[in-house]
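Work through the exercises below with the sequence and the model open. Each task is followed by a solution in steps.

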Amino acid sequence: MTEIEISLRDSAWSTALPDAAAVVRRAAAAALEAEATLPGHVELGVVLADDAFVRTLNRDYRGQDRATDVLSFPVHEPPRLDPPPGEMPLMLGDVVLARETVQRDSASAGVGLADRVSHLVVHGVLHLLGHDHDEPDAERRMRALESRTLLALGLCDPYVNL
């Protein structure tokens, strides 16, 4: 069982992407399905926020005083994917999206907002699962997993022209 809690911290998401919750759930579920080693019961959160909120998080937790499109906050560092004892769910953490930045990036890339949100949710969930792009080999593996997941969702590969 997968539980995806969505928090709406910026009401403008409702106008920008009326079906945001469905888009987020579908993308997060696809990213989780790409990870074959997960236990049966998994929980994560997705926060739909604005640039100001994400800027504060980015400054306080990463030392970068600017908004960014997506942040991931795993519960465990490094992420743990082994099942907790008993019937407890595996808590992965939270993914946070900044609406204004995501909208700008979507427009400048010429992709629909739902597609951009899907990509960022997949990217963020993969970070919660322990994937990263700090080194070239890790980046290649993560991008390949993102691409496969997005293609499985019927979306374009965001890295095809890079």
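**Exercise 1: an aromatic pair**

F73 has a relative accessible area of 25%, so it counts as partly exposed. The model is a predicted one.

Task: Find the aromatic partner of F73 and classify the geometry of the pair.

Solution.
- Step 1. Count the pairs. The ring-centre rule gives one aromatic pair.
- Step 2. Name the partners. Y61 and F73 form this pair, with 5.4 Å from centre to centre.
- Step 3. Classify it. The planes are 75 degrees apart, and over 60 degrees counts as edge-to-face. The pair of Y61 and F73 is therefore edge-to-face.
- Step 4. Place it in the chain. Y61 belongs to helix α3 (residues 51–62) and F73 to strand β3. The two are 12 residues apart, and the pair links distant parts of the chain.
- Step 5. Check the partner's exposure. Y61 has 60% relative accessibility, so it counts as exposed.

**Exercise 2: helix α5**

Task: Compare the span of α5 with the expected value, then decide whether H123 is buried or exposed.

Solution.
- Step 1. Take the length. α5 covers 113–128 and has 16 residues.
- Step 2. Compare spans. From first C-alpha to last, α5 reaches 22 Å, close to the 22 Å expected at 1.5 Å a residue.
- Step 3. Look at burial. In α5, 14 of the 16 residues are buried, so the helix is largely enclosed by the rest of the structure.
- Step 4. Zoom in on one residue. H123 is found in α5. Its relative accessible area is 13%. The cut-off for buried is under 20%, so H123 is buried.
- Step 5. List its contacts. Leaving out residues up to four places away in sequence, H123 touches V70, H133, M142, E146 and Y159.
- Step 6. Look past the helix end. α5 is followed by G130, which has a positive phi near 100 degrees.

**Exercise 3: the largest pocket**

Task: Describe the lining of the largest pocket by centre, element and class.

Solution.
- Step 1. Get the volume. The largest pocket has about 620 Å³.
- Step 2. Find the centre. Of the 24 lining residues, R62, H123, H127, D132 and H133 lie nearest to it.
- Step 3. Assign elements. β3 (70–74) and α5 each supply at least two lining residues.
- Step 4. Sort by class. The lining holds eight nonpolar, eight polar and eight charged residues.

**Exercise 4: E100**

Task: Which residues does E100 contact, leaving aside neighbours within four places in sequence?

Solution.
- Step 1. Locate it. E100 lies in helix α4 (residues 99–109).
- Step 2. Check exposure. At 24% relative accessible area, E100 is partly exposed.
- Step 3. Read the contacts. E100 is in contact with D50 and D51, with those neighbours left aside.

Notes: Residues numbered from 1 in each chain as written. Predicted model: local features only at pLDDT ≥ 70, side-chain atom pairs only at ≥ 80, totals over all residues. Heavy atoms only, no water. 1 Å grid on protein atoms, 1.4 Å probe; cavity = no way out; pocket = protein on both sides within 12 Å on 5 of 7 lines; lining within 4 Å. Points joined across faces, edges and corners; volume = space filled by probe spheres on them. Helix = DSSP H or I, 4+ residues; strand = E, 2+ residues; numbered from the N terminus. Nonpolar A, V, L, I, M, F, W, Y, C, P; charged D, E, K, R; others polar. Expected span 1.5 Å × (residues − 1). Buried < 20%, exposed > 50% of the residue type's maximum accessible area, 1.4 Å probe, protein only. Phe/Tyr/Trp six-rings, centres within 6.5 Å; stacked < 30°, edge-to-face > 60°. Contact = heavy atoms within 4.5 Å.
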